[in-house]
Amino acid sequence: MNSLDSPDIHYLSAAIGWLELGNWREASEELERITPALSAHPAVSAVRLEICMKAEKWDKAVEIARALIQLHPNEAQFWISHAYATRRMPGGGIAQAKEILDKAEPMFPKVWTIPYNLACYCAQLGRLDECHAWFSKATALDEKTVKRTAIDDPDLKPYWDSTASTLWKRTE
């Protein structure tokens, strides 16, 4: 695939900047300026995936994530995004998202977000023992970040409600 040259690289950079500012609409407009022959470039597709997720266009996000996984199976974030969008798309759900990350987890044993998300999915599915195992694995990979992320995560509420651990109980 062709590389991105000027002005396309500038449009891509501008789209990323708009995303960082929280404006997916402007980011999308910047991507529309890219030469049509380069619209499927992996870097453009990755930004388009982020735009679709911010815009809650879950079906399109799943489609883009699948394509990116085919091109770059060793990029953990594409697997995570695929699962996230699959959970939210019409006809998708938590069980389907979990299947995606179950496949990805052995490929990325040092990426804490995969076992963390698996813990969330298991909590929502009522599989609390499995949730605990995934949560423990995520915590072992990055304890500080996992604890900071988990304390207010509503997906883990069934887990917190089931545990007697005072470490995780919050006072309301």
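How are H5 and H6 oriented to each other, roughly parallel or roughly antiparallel? The first legend answers this; the model shown throughout is predicted.

**Figure 1. Helices H5 and H6 pack against each other.** Helix H5 covers residues 76-88, and helix H6 covers residues 94-104. Their packing angle is about 170 degrees. Angles over 145 degrees count as roughly antiparallel, so H5 and H6 are roughly antiparallel to each other. The axes lie 7 Å apart. On the H5 side, the contact is made by Trp-79, Ile-80, His-82, Ala-83, Thr-86 and Arg-87. H6 contributes Ile-94, Gln-96, Ala-97, Ile-100, Leu-101, Lys-103 and Ala-104.

**Figure 2. His-82 in helix H5.** His-82 is buried, with a relative accessible area of 9%. Neighbours within four places in sequence are left aside here. The contacts of His-82 are then Val-62, Ala-65, Arg-66, Ile-69 and Ile-100. Val-62, Ala-65, Arg-66 and Ile-69 fall within the residue range 58-71 of helix H4. Ile-100 belongs to the H6 side of the H5 and H6 contact.

**Figure 3. Asp-102 in helix H6.** Asp-102 is partly exposed, with a relative accessible area of 32%. Not counting residues up to four places away in sequence, Asp-102 touches Leu-118 and Trp-134. Leu-118 is 16 residues from Asp-102 along the chain. The C-alpha atoms of Asp-102 and Leu-118 are separated by 7.7 Å.

**Figure 4. Helices H1 and H3 pack in a left-handed crossing.** Helix H1 runs over residues 8-20 and helix H3 over residues 42-54. The angle between them is about 25 degrees, and the axes are 11 Å apart. Under 35 degrees counts as roughly parallel, and H1 and H3 are therefore roughly parallel to each other. H1 passes H3 in a left-handed crossing. From H1, the contact uses Leu-12, Ala-15, Ile-16 and Leu-19. From H3, the contact uses Ala-43, Val-44, Val-47, Glu-50, Ile-51 and Lys-54.

**Figure 5. Trp-112 and Tyr-116 form an aromatic pair.** The structure holds five aromatic pairs. In the pair of Trp-112 and Tyr-116, the ring centres are 5.6 Å apart and the planes stand at 75 degrees. Planes over 60 degrees apart count as edge-to-face, so this pair of Trp-112 and Tyr-116 is edge-to-face. Tyr-116 is buried, with a relative accessible area of 4%.

**Figure 6. Phe-135 and Trp-160 meet edge-to-face.** The two rings are 5.3 Å apart, centre to centre. The angle between their planes is 90 degrees. Phe-135 sits in helix H8 (residues 128-141), while Trp-160 sits in helix H10 (residues 157-162). The pair therefore ties together parts that are 25 residues apart in sequence. Both Phe-135 and Trp-160 are buried. Ring pairs also bring in Tyr-159, linking Phe-135, Tyr-159 and Trp-160 into a cluster.

**Figure 7. Arg-88 sits over the ring of Tyr-84.** The charged end of Arg-88 is 3.5 Å from the centre of the Tyr-84 ring. Both residue numbers fall within helix H5, residues 76-88.

**Figure 8. Backbone details at Pro-7 and Glu-56.** Most residues other than glycine have a negative phi, and most peptide bonds are trans. The peptide bond from Ser-6 to Pro-7 is cis, with omega near 5 degrees. Pro-7 is found in the segment before H1. Glu-56 has a positive phi, near 60 degrees, and is a residue other than glycine. Glu-56 lies in the loop between H3 and helix H4. Glu-56 is exposed, with a relative accessible area of 55%.

**Figure 9. The whole protein, with ten helices and zero strands.** Read along the sequence, the pattern is α-α-α-α-α-α-α-α-α-α. The C-alpha trace spans about 55 × 35 × 30 Å along its principal axes. Of the 172 residues, 42% count as buried. Among contacts with a separation of 6 or more, 52% come from residues 24 or more positions apart.

Terms used: Residues numbered from 1 in each chain as written. Predicted model: local features only at pLDDT ≥ 70, side-chain atom pairs only at ≥ 80, totals over all residues. Heavy atoms only, no water. Phe/Tyr/Trp six-rings, centres within 6.5 Å; stacked < 30°, edge-to-face > 60°. Buried < 20%, exposed > 50% of the residue type's maximum accessible area, 1.4 Å probe, protein only. Helix = DSSP H or I, 4+ residues; strand = E, 2+ residues; numbered from the N terminus. Lys NZ or Arg CZ within 6 Å of the ring centre and 35° of its normal. Axes fitted to C-alpha atoms, helices over the stretch in contact; angles between N-to-C directions. Parallel < 35°, antiparallel > 145°, perpendicular 65-115°, else oblique. Left-handed = near helix turned anticlockwise from the far one by under 90°. Contact = heavy atoms within 4.5 Å.
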